[in-house]
Amino acid sequence: MAIYLIVALDVLNGISSLFLLCLGLAIIFGMMKIINLAHGEFIMLGAYATVISANAGVNIWIAMLVVAPLFVGLVGLVIERCLIRFLYGRLVDSMLATWGLSLLIIGIVTTIYGNTQQGVPTPLGGFSIGSYQSSYYTLFLAGMAIVMMAVVYGVMSYTRFGLIARATMQNPAMAATLGVNPARVYMSTFAVGAAITGLAGGLLAPVSGITPGMGGAYVAKAFMTVVGGGAAILSGTMSAASLFGAVNQVGAFFTTPVYGEVLVFTAAIVLIRLLPQGISGRFFKGNL
Amino acid sequence: MPARFRLVAQAVAVIVAIIAIALIPSVIELFALMQLTLFAAMAVLALSLAFIWGFGGILSFGQTAFFGLGGYAYAIAAVNFQDSTPSILLAIIIPSLFAAILGYFIFFGRISDVYLGVITLTVTLILFNCVNSTSGDEYRIGKALLGGFNGMPAVPTFNVPFYPDQILSPEQSWWVTGGALLGIFLLLRLLLSLPAGRVIVAVRENEVRASLLGYDPRKVKLLTFILSGAIAGLAGALYVNWGAFVGPTIFSLSLSAEIIIWITVGGLGTLLGPIVGCVLIEYIVAYIGSQQALNSNLVLGAVLVVFVLLLPKGLVPTARDLLMRLVPAPKPKAQHADDRVPPPVAASHMAGAE
């Protein structure tokens, strides 16, 4: 019995961390149709910000929940002003430029901190189910995923900023005629997406090995999940993350972690073949 | 008259390129020759993506899938047969079969742009993960041990066709690799000047219009994809011949990214540009690697960002435009003719760049 509980926890962990990883990318892709291939490096920057401030004596929770998103949000703002704003509407060019950006960020971080692994101890303790061990941090991650979902839903549905953002997403020209400045909306949306990605990096810092090249492990998965989810930010990302996260963990349980990954990639290919517009292009049309 | 002049100029350029390839080994050191051989193998890979991306309009993020398959197919066959002739053929056939299956799945499912990128990317990652986990004695094909993350060392290199004892010397390897590069370049140029090539470009320009004219865009794209897979497979065999080694990093994302950088820097929509971009970038990376002062990622990333923002057309088209402005053409037709001349000339230029 205990083993099933552990597998269920693993699945929950897989889904919530995948969702947290993808949310920032989904916001940027859903709003502006820009694929940010430097997404993995935003995660890496969030993780570095957490580790470095935590090792400098900042409380780990503050480092994770405040420093990481603020820092990466600022970086995102600068990048949007210097690079991304010239590339709206040029999908392929934006992918190339952000790919270059990702190499650049990896290079800068490697030059400063070296190609070594850093880490912080996982906060919160562990608990046991039968003869198996698990950590409370897993539950915390799942809680954070739910909180982030609620926050994004709340901001998008009930605030003026959310209304303007959704309007700009639907029809930038019409929004502009009604007095909204789309450039500013894009700028703030990109920064918010970057900040959420930084938060995800900070949250995953205690449970992953932190190296300058760590983003590469995430970017393909995030890219695949967001595209598989389709245009709707929340429902699409959540459904794709649930599908891929569950496939990954269950596959890894029955075979090896390597074949778990292979299964996810295969699932992504089949999904895109069956639903070329992504999950939300078919089932949650027009939803958030 | 201009047309005839163009033909003569092209023929001269090809002859110059052949002479350059033939004479290079007697001019430069062995180390530089080995490096040039590597660059030429990589340039064949660059041509394979330049063809489908620049002329077919298909941006594949997983060109290394075919490159890696070609490399592994060659290595496994060469270890088993101890003869490179059938192995090279297999290194071309297996990736093209794989491209045929994958391409059928993609193009007949009418999957395009971002979605195509996701699929090609994930296929590459699947291959990387699978090959990476094949360490251990149970993973062997015939006599060939796959070796997982450590790869396959001591792969037999090319030999004289049908004489397995006569292994090619580094000079002969260069002739084969450089010759393959020139041959593929000329093959693609010929294809693009034929009606079939025009159809490929027509599909890139406007799929609906091409299909209204009676062509099936899915079939055209599939054939383009297969041809490019075959070329990438050949590049894989040439690469393995260079290092006598193949490992799973041949499927890596960073190599896929590098091919795209070569093409962006050299010029999308040309065949010469990617070769120039490939040699230039690979040379810079090798130089940085020997200097230890700067991180190569940093430089590559900066180069890519600068090119996308400031020089989106790439080096070769920009240089051509500049030349065009300097040399006022008497007639628009002649200007067009000049347009076509540079490629082979610069191909030889590139071969002699070292």
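The exercises below work through a predicted model with chains A and B, and each is followed by a solution in steps.

**Exercise 1. The two chains**

Task: Work out which secondary structure elements make up chain A, and in what pattern they follow one another along the sequence.

Solution: Begin with the count, which gives 12 helices and 2 strands for chain A. Next, read along the sequence, where the pattern is α-α-α-α-β-β-α-α-α-α-α-α-α-α. For chain B, the corresponding count comes to 15 helices and 2 strands.

Task: Judge how the radius of gyration of each chain stands against the value for a compact globule.

Solution: Take chain A first: a compact globule with 288 residues would have a radius of gyration near 19 Å, and chain A agrees with this because its own value is 19 Å. Then take chain B, for which 354 residues lead to an expected value near 20 Å, and the 20 Å found for chain B agrees with it. As a further step, consider the extents of the C-alpha traces along their principal axes, which are about 65 × 45 × 35 Å for chain A and about 70 × 50 × 45 Å for chain B. Burial completes the description, since 51% of the 288 residues in chain A are buried, while 47% of the 354 residues of chain B count as buried. Finally, look at contacts between residues at least 6 apart in sequence: in chain B, 76% of them join residues at least 24 apart, and in chain A residues 24 or more positions apart account for 76% of such contacts.

**Exercise 2. The contact between the chains**

Task: Describe what chain A brings to its contact with chain B, by residues, by helices and by residue class.

Solution: Start from the totals, in which 34 residues of chain A and 32 residues of chain B take part in the contact. On the side of chain A that touches chain B, α4 (91-113), α9 (215-229) and α11 (257-274) of chain A each supply at least two residues. The helix that gives the most to this side is α4(A), with 16 residues. Sorted by class, the residues on this side of chain A divide into 24 nonpolar, 7 polar and 3 charged.

Task: Determine how α4(A) is oriented relative to helix α12 (residues 296-310) of chain B.

Solution: The axes of α4(A) and α12(B) come within 7 Å and cross at roughly 150°. Angles over 145 degrees count as roughly antiparallel, and α4(A) and α12(B) are therefore roughly antiparallel to each other. The crossing of these two helices, α4(A) and α12(B), is left-handed. By class, their contact has 15 nonpolar, 7 polar and 1 charged residues.

**Exercise 3. A helix pair inside chain A**

Task: Establish the orientation of helix α2 (residues 39-55) of chain A relative to α9(A), and name the residues through which they meet.

Solution: The axes of α2(A) and α9(A) come within 7 Å and cross at roughly 135°, and the two helices are therefore oblique to each other. In handedness, the crossing in which α2(A) passes α9(A) is right-handed. From α2(A), the residues A:His39, A:Gly40, A:Glu41, A:Ile43 and A:Met44 meet A:Gly215, A:Gly216, A:Tyr218, A:Val219 and A:Ala222 in α9(A). The residues of this contact divide into 5 nonpolar, 4 polar and 1 charged.

**Exercise 4. Individual residues of chain B**

Task: Locate B:Gln82 and B:Ala244, and describe their phi values and their exposure.

Solution: B:Gln82 has a positive phi of about 55° although it is not a glycine, and B:Gln82 lies in the loop between α3 (63-81) and α4 (84-107) of chain B. With 13 other C-beta atoms within 10 Å, B:Gln82 is partly exposed. B:Ala244, also a residue other than glycine, has a positive phi near 55°, and its place is the loop between α9 (217-243) and α10 (253-266) of chain B. B:Ala244 has 14 other C-beta atoms within 10 Å and is partly exposed.

Task: Decide whether B:Gly229 is buried or exposed, and name the residues that B:Gly229 touches.

Solution: B:Gly229 is placed in helix α9 of chain B. A residue with 20 or more other C-beta atoms within 10 Å is buried, and B:Gly229, with 29 such neighbours inside 10 Å, therefore counts as buried. Leaving aside residues up to four places away in sequence, B:Gly229 touches B:Phe66, B:Pro95, B:Ser96, B:Phe98 and B:Ala99.

Definitions and conventions:
Residues are numbered from 1 along each chain as its sequence is written. Chains are lettered from A and ligands numbered from 1 in the order in which they are written. This is a predicted model: local features need pLDDT of at least 70, side-chain atom pairs count only at pLDDT 80 or more; totals for chains, interfaces and linings use all residues. Two residues are in contact if their C-beta atoms, placed from the backbone, lie within 7 Å. Helices (H or I, at least four residues) and strands (E, at least two) are DSSP runs, numbered from the N terminus. Ala, Val, Leu, Ile, Met, Phe, Trp, Tyr, Cys and Pro count as nonpolar, Asp, Glu, Lys and Arg as charged, and the others, Gly among them, as polar. Axes are lines fitted to C-alpha atoms, for helices over the stretch in contact, and angles run from 0 to 180 degrees between N-to-C directions. Angles under 35 degrees count as roughly parallel, over 145 as roughly antiparallel, 65 to 115 as roughly perpendicular and the rest as oblique. A crossing is left-handed if the near helix is turned anticlockwise from the far one by less than a right angle, and right-handed if clockwise. The radius of gyration is taken over C-alpha atoms; the globule rule is 2.2 Å times the number of residues to the power 0.38. A residue is buried if 20 or more other C-beta atoms lie within 10 Å of its own, exposed if 12 or fewer, and partly exposed in between; C-beta atoms are placed from the backbone.
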